[in-house]
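Reader: I would like a close look at one part of this model. Please take the charged side chains and how they pair, then place them among the helices.

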Amino acid sequence: MDYAKRAIDFNPNSPDAYNNLGNMFRELGMLNEAESVFKEAIKFKQDYMEVHYNLGITLYELQKYDEAIECYKKAIKIRSDYAEAHNNLGVALKSAGRREEAVVSYKR
């Protein structure tokens, strides 16, 4: 994790560095930190599909289903054929009690 933090120190405007650090935080179960770092990455690159997707995963794990749904939708808007985002959107919709919408997402 030190290397990821140093990468941000070296280039504080790098969305890739923030994405990498966010993934490390998420893997370590530091979900609030991951959420914060992913949101920081989006400030530098609004159309960064992977960050929206990774933030969606983090928010889902924090049981913030509505926010996760929005992140997955943003990732899909950037790349409409992103199968993993469609799947995770379906999972989040199901968890939020929106089963019919979940089925549609799974089919995509």
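Author: Start with one pair. The side chains of Asp81 and Arg79 meet in a salt bridge, at 2.9 Å from N to O. The model is predicted, and the distance is computed from its atoms. Asp81 counts as exposed, because its relative accessibility is 55% and the cut-off for exposed is over 50%. Arg79 is partly exposed, at a relative accessible area of 36%.

Why look for such pairs at all? Side chains of opposite charge can pair when their charged atoms come close. A search of the whole structure finds seven salt bridges. Asp81 with Arg79 is one of them.

Next, a pair within a helix. Glu40 forms a salt bridge with Lys43. Their closest N and O atoms are 3.2 Å apart. Both residues lie in helix α3, which covers residues 31–44. They sit three residues apart, about one turn of the helix. Glu40 is partly exposed, with a relative accessible area of 25%. Lys43 counts as exposed, at 59% relative accessibility.

Helix α3 holds another acidic side chain to inspect, Glu35. Glu35, Lys39 and Lys64 are linked in a network of salt bridges. Glu35 counts as buried because its relative accessibility is 8%, and buried means under 20%. What does Glu35 touch, leaving out residues up to four places away in sequence? The list is Leu55, Thr58, Leu59, Leu62, Lys64 and Glu67. Lys64 is thus both a contact of Glu35 and a member of its salt-bridge network.

Thr58 leads to the next helix. Helix α4 spans residues 49–61, and Thr58 of α4 also takes part in the contact with α2. Helix α2 covers residues 15–27. The axes of α2 and α4 are 11 Å apart, and the helices pack at an angle of about 20°. That angle makes α2 roughly parallel to α4. Their crossing is left-handed. From α2, the contact uses Asn19, Asn23 and Arg26. From α4, it uses Glu50, Val51, Asn54, Ile57, Thr58 and Glu61. By class, the residues of this contact are two nonpolar, four polar and three charged.

Arg26 has a second role. Besides its part in the contact with α4, Arg26 forms a salt bridge with Glu27. The closest N and O atoms of that pair are 3.8 Å apart. Is each partner buried or exposed? Arg26 is buried, at a relative accessible area of 14%. Glu27 is exposed, at 61%.

One more helix pair adds context. Helix α6 covers residues 83–95, and helix α7 covers residues 99–107. Their axes come within 8 Å and cross at roughly 170°. That makes α6 roughly antiparallel to α7. On the α6 side, His86, Asn87, Leu89, Gly90, Val91, Leu93 and Lys94 make the contact. On the α7 side, Arg99, Glu101, Ala102, Ser105 and Tyr106 meet them. The residues of this contact divide into five nonpolar, four polar and three charged.

Definitions and conventions
Residues numbered from 1 in each chain as written. Predicted model: local features only at pLDDT ≥ 70, side-chain atom pairs only at ≥ 80, totals over all residues. Heavy atoms only, no water. Axes fitted to C-alpha atoms, helices over the stretch in contact; angles between N-to-C directions. Helix = DSSP H or I, 4+ residues; strand = E, 2+ residues; numbered from the N terminus. Parallel < 35°, antiparallel > 145°, perpendicular 65-115°, else oblique. Contact = heavy atoms within 4.5 Å. Nonpolar A, V, L, I, M, F, W, Y, C, P; charged D, E, K, R; others polar. Left-handed = near helix turned anticlockwise from the far one by under 90°. Salt bridge = Lys/Arg side-chain N within 4 Å of Asp/Glu carboxyl O. Buried < 20%, exposed > 50% of the residue type's maximum accessible area, 1.4 Å probe, protein only.
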